[in-house]
Amino acid sequence: MSMSETQMIRILLADDHALVRRGVRLILDREPDLEVVAEAGDGAEAIALARTHDIDLAVLDISMPRMTGLQATPELLALKPGLRVLMLTMHDNEQYFFQALKAGAGGYVLKSVADRDLVAACRAAMRDEPFLYPGAVTALIRNYLDRVRHGEEPPDKVLTPREEEVLKLVAEGHSSKEIAEMLFISIKTVHRHRANLLQKLGLRNRLELTRYAIRAGLIEP
């Protein structure tokens, strides 16, 4: 097949660090079949760009302000059902990995070895093959089985999307008034969501909510 016949893979890249985006873009754009056509600084921007751009693949950082890669993935897939998603992260963390799979991502690439793994992961995603960084599988399965054995595996989805949004903003340190303004809801509604979160998750205060949000991959530690 000649170069002109090669199917170009159009990529949306989302990371809140411009320097990381530039580095990742350099890795991808030097490949003849990969092209970054849009760049976003957070998940909400990625969704907006997906509405206006023709894309085949989204490469998303897991932890971003406003909306994480984990939160953006289901919305992107609903918007573009044929889209493939890769998670890019600095965290070698099995919890994030399972969250990414549940969200609908097809692969998980560590930033520390992106120059080695990212191109292969992009091509695997387009073939509908999952991509796991080397050495991850054994550790992930072992940790997952340990958690199941000890009854620690959390239910798949205990929170509504709006409760997740409130939890993320509470954990980031925003006041009820700020959250109400950001989400265009009343302070009373924010208080109700907070009470529901504490009750559902069996937690007592903001500190415990923040710890939960870090474990769930909603904010970076």
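Let's start with His 53, which counts as partly exposed, at 27% relative accessibility. Before I go on, keep in mind that what we have here is a predicted model. Where does His 53 sit? You'll find His 53 in the loop between α2 and β3. Its side chain makes a polar contact with the side chain of Thr 52, at 3.0 Å. If you leave out the neighbours within four places in sequence, His 53 is in contact with Val 37, Ala 38 and Lys 80. And one distance, if you want to find your way around: Leu 79 is 26 residues away along the chain, and the two C-alpha atoms are separated by 12 Å.

Okay, zooming out. The protein has ten helices and six strands. The radius of gyration is 18 Å, close to the 17 Å that the globule rule gives for 221 residues, so the protein is as compact as a globular protein of that length. Along the principal axes, the C-alpha atoms fill a box of roughly 60 × 40 × 30 Å. As for burial, 46% of the 221 residues count as buried. And if you take contacts between residues at least 6 apart in sequence, 64% of them join residues at least 24 apart.

Now the sheet. In what order do the six strands come? They go β2-β1-β3-β4-β5-β6, in an open sheet with parallel pairing. The edges are β2, residues 34–40, and β6, residues 131–132, and each of those pairs on one side only.

Two helices to look at against that sheet. Helix α1, residues 18–29, lies across β1, β2 and β4, and runs at about 160 degrees to β2. Then helix α2, residues 43–52, packs on the sheet and touches β1, β2 and β3, with its direction making about 125 degrees with that of β2.

Let me spend a minute on β3. Is β3 mostly covered or mostly open? Mostly covered: five of its five residues are buried. In a regular strand the side chains alternate between the two faces of the sheet. For β3, one side has Leu 57, Val 59 and Asp 61, the other has Ala 58 and Leu 60, and all of them are buried, so to speak on both faces. Yes, that list of buried residues includes an aspartate, Asp 61.

What does β3 pair with? On β1 there are four bridges, running parallel, and Leu 13 stands opposite Val 59. On β4 there are five bridges, also parallel, and there Leu 57 stands opposite Arg 84. To get from β3 to β4, the chain goes through helix α3, residues 69–79, and that β-α-β crossover is right-handed.

Carrying on across the sheet, β4, residues 84–89, is joined to β5, residues 107–110, by four bridges, and the two run parallel. Thr 89 stands opposite Leu 110 in that pairing. In β5, Gly 107 and Val 109 point one way, Tyr 108 and Leu 110 point the other way, and all are buried. Next, β5 pairs with β6 over two bridges, in the parallel sense, and Tyr 108 has Leu 132 as its bridge partner in β6.

Which hand does the β5 to β6 unit have? With helix α5, residues 114–126, in the middle, β5 and β6 make a left-handed β-α-β unit. Set that beside the right-handed crossover from β3 to β4 that I just described.

Last stop, the C-terminal end of our tour: helix α10, residues 206–215. Its buried residues are Glu 208, Leu 209, Thr 210, Tyr 212 and Ala 213. What covers them? The cover includes α7, residues 161–171, and α9, residues 187–201. At the N-terminal end, α10 is capped by Asn 205, with a side-chain oxygen 3.2 Å from the backbone nitrogen of Leu 207. After the helix comes Gly 217, with a positive phi near 80 degrees.

And just ahead of that helix, in the loop between α9 and α10, you have Gly 202. At 59% relative accessibility, Gly 202 counts as exposed. From Leu 13, Gly 202 is 189 residues away in sequence and 37 Å away in space, C-alpha to C-alpha.

Terms used. Residues numbered from 1 in each chain as written. Predicted model: local features only at pLDDT ≥ 70, side-chain atom pairs only at ≥ 80, totals over all residues. Heavy atoms only, no water. Pairing = 2+ DSSP bridges. Contact = heavy atoms within 4.5 Å. Axes fitted to C-alpha atoms, helices over the stretch in contact; angles between N-to-C directions. Buried < 20%, exposed > 50% of the residue type's maximum accessible area, 1.4 Å probe, protein only. Right-handed = clockwise from strand over helix to strand, strands pointing away. Polar contact = N/O pair within 3.5 Å; in protein donor to acceptor, adjacent residues only side chain to side chain. Rg over C-alpha atoms; globule rule 2.2 N^0.38 Å.
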